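Hi,

Thanks for offering to take this one over. The sequence and the structure are just below, and after them you will find my notes on what turned up.

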Amino acid sequence: MQSEQRHLKKELSIWQVVGLSVALMAPSMAANINPQGSASAAGRAVPLTFLFAAIGIMFIAYVFVRLTQHFNHAGSVFGFVGATIGPRFGVIAGWSLMGTYISYALVTSIASSIFATSLLQSLGVMKNPPSWTPFLIQAIELSLVLMLAVRPAKKGTHFLLSVEGLTVLMIVAISVVILIKLIVGHGPQGQHFTLSVFTPAKGVTSSDLFLGVVFGFLSFAGFEASATLGEEAKHPKKDIPRAILWTAVFGGIYFVFVTSVEVMGFGTSSKQINSFINTGSLLGSLGSTYVASWIGNLITVGTVISAFGCALASTVGASRLLFALNRDSVETKPLLVISRRYDTPTVATAAVVAFTALVTWFVAVILGSSAFDEFNWFGTIGTLILLVVYLLATAGAFHLLFISKKLEVPKYEMVMPIMAIAILGYTIFRNVYPYPTGALAWLPAASGGWVLVSLVVVALRPKLAKKAGLRLTQNEGLIPQDSAYELDHGHEALDLETR
């Protein structure tokens, strides 16, 4: 029984697509806390780690540019993987992406609560907040996330995007002011303009640098989001690839520039870098120090909202994937419940929020972690999983371009996906070798364990995995018409459509 094909309205211009992609990357939140994670490993060389990440992202951007030139549907990363190298790999990518979304829901909600705690301190509401304050604020925010994630809220989304854009503009303006002050004079503690921020301090190894690079990749997460707008763009085969490329270029310039100013603004000595790592709001602190306290507070407000918006988007992404994976495989009935009023997966959404809260509090109580520890740890876990997804997408693009040759490109472009694989592979390698010690030892194990679950399912239940992968990819609009993946059992796909 054929269902009526429904298509989204093509109304987005190239600038709207770019704007949405940049906003979903949440550069204001990323610049306000991710450099601290990088500095914890790489010291003053934070801008260098972001430069390495930016170079890697440019090669990965090539992958998505080519994929979206071939596919112009509203597809996600796992859809591209399933359509290029097979439905079982699509399941692995979908499961992995869900793990990334859950990790990022925790990371961004805890980041928002860290910013909010810093704001309360700056305003004098709480002079010495207890260590559990961010966790309490996060619990309140997760309750709001649950309320908003189960109902469509286009006006709220537009508000979040507007706040993101204004905050980014303020960050760029203040960074320029700080840079000028450092060039023509100096900071309150003798800070000055220096290019030493692009060189590692003595004792910082290449492994330390690539531990820091993870937070660079974390900052770019979502740069390929415009791929999901393929059905809404006016000229998808031109505008979507351009949007992905321009978003990557913007992110590279923005993050390297802002992190350079941040490190120079705090100073490059060991004591100053320690202060850099422990501040509650990097740009809020710099804005207050170099411009005016109200400017710093205003930026912090913007980043609180930005991080909350990311937590909401991550929760929505995770819950929709949980619903889809369950629907297309084991079909656990409670997780299939859909709100009659809002047409959203309410139980799956509640499960994601509850899991996020439980993990947060479990790690805090059992391991005695601080809020920033959890930001650092789960940021690493989520990004390592995301790098695996990017690897699969890159392998799919290589298959599409140079094996099945569904899109004609010059042979010399083969170097692009190869370089992407090399950079992604080396970053993952440097995060597991030499293997981290202490509390950091469980981070690669957690990210690897999450991916391993999908590998085990695919190995033990190959038919179920293939069925789920076919459905996942078909629901992304990528199979059967424009797929580079040649279905070896076409009747199976047809059977899935008629069920």
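Here is what I found, starting with the chain as a whole and then going through one pocket and several individual residues.

**The chain and how far to trust it**

Please keep in mind that this is a predicted model. The chain is built from 18 helices, with zero strands. Of its 499 residues, 56% are buried. Taking the contacts between residues at least 6 apart in sequence, 81% join residues that are at least 24 apart.

The mean pLDDT of the chain is 87, and 89% of the residues reach 70 or more. Helix by helix, α10 has the highest mean pLDDT, at 96, while α18, covering residues 490-498, has the lowest, at 41. There are two stretches to treat with care. Over residues 1-8 the pLDDT is below 50, and this stretch has seven contacts in the model beyond near neighbours in sequence. Residues 480-499 also stay under 50, and for them the model has 41 contacts beyond four places in sequence. Where pLDDT is low, the predicted coordinates should not be read in detail.

**The second largest pocket**

I spent some time on the second largest pocket, which has a volume of about 350 Å³. Its lining consists of 17 residues, and those closest to the centre are I114, P134, N278, G280 and F372. Which helices each supply at least two residues of that lining? They are α2 (27-42), α5 (87-122), α10 (270-278) and α14 (371-403). The largest share, four residues, comes from α5. By class, the lining has eight nonpolar and nine polar residues, and no charged ones.

**S113, in helix α5**

S113 sits in α5, the helix that gives the pocket lining its largest share. Is S113 buried or exposed? With a relative accessibility of 0%, it counts as buried. A polar atom of the S113 side chain lies 2.7 Å from the backbone oxygen of I110. Leaving aside neighbours within four places in sequence, S113 is in contact with P134, I137, Q138 and E141. One of these, P134, you have already met among the residues closest to the centre of the pocket.

**Backbone points to look at**

Three places in the loops may catch your eye when you go through the backbone.

- Y433 and P434 are joined by a cis peptide bond, with omega at about -5°. P434 belongs to the loop between α15 (415-432) and α16 (442-460).
- A26 is not a glycine, yet it has a positive phi of about 50°. It is found in the loop between α1 (14-25) and α2, and it counts as buried because its relative accessibility is 1%.
- K405, again not a glycine, has a positive phi of about 50°. This residue lies in the loop between α14 and α15. Its relative accessible area is 58%, so K405 is exposed.

**Two pairs far apart in sequence**

L144 belongs to helix α6, which spans residues 133-149. The relative accessible area of L144 is 40%, so this residue is partly exposed. Although L144 and F308 are 164 residues apart in sequence, their C-alpha atoms are 9.3 Å apart in space.

The other pair involves S339, in the loop between α12 (293-327) and α13 (346-367). How far is the C-alpha atom of S339 from that of R151? The two are separated by 8.8 Å, with their positions 188 residues apart along the chain. S339 has a relative accessible area of 15%, and since buried means under 20%, S339 counts as buried. Its side chain has a polar atom 3.3 Å from the backbone nitrogen of R341. Not counting residues up to four places away in sequence, S339 touches T344 and T346.

That is the full set of notes from my side. If you want somewhere to begin, you could open the pocket and S113 together and then step through the loops.

Happy browsing, and just write back with any questions.

Best wishes

Terms used:
Residues are numbered from 1 along each chain as its sequence is written. This is a predicted model: local features need pLDDT of at least 70, side-chain atom pairs count only at pLDDT 80 or more; totals for chains, interfaces and linings use all residues. Side-chain values use heavy atoms; hydrogens and water are left out. On a 1 Å grid over the protein atoms alone, a cavity is a set of points where a 1.4 Å probe fits but cannot get out, and a pocket is an open set with protein on both sides within 12 Å along at least five of seven lines; lining residues have an atom within 4 Å of a point. Grid points are joined across faces, edges and corners, and a volume is the space filled by probe spheres set on the points. Ala, Val, Leu, Ile, Met, Phe, Trp, Tyr, Cys and Pro count as nonpolar, Asp, Glu, Lys and Arg as charged, and the others, Gly among them, as polar. pLDDT is the predictor's confidence in each residue, from 0 to 100. Contact means heavy atoms within 4.5 Å. Buried means under 20% relative accessible area, exposed over 50%, partly exposed in between (1.4 Å probe, protein chains only). A polar contact is a pair of N or O atoms within 3.5 Å; within protein, one must be able to donate a hydrogen and the other to accept it, and residues adjacent in sequence count only if both atoms are side-chain atoms.
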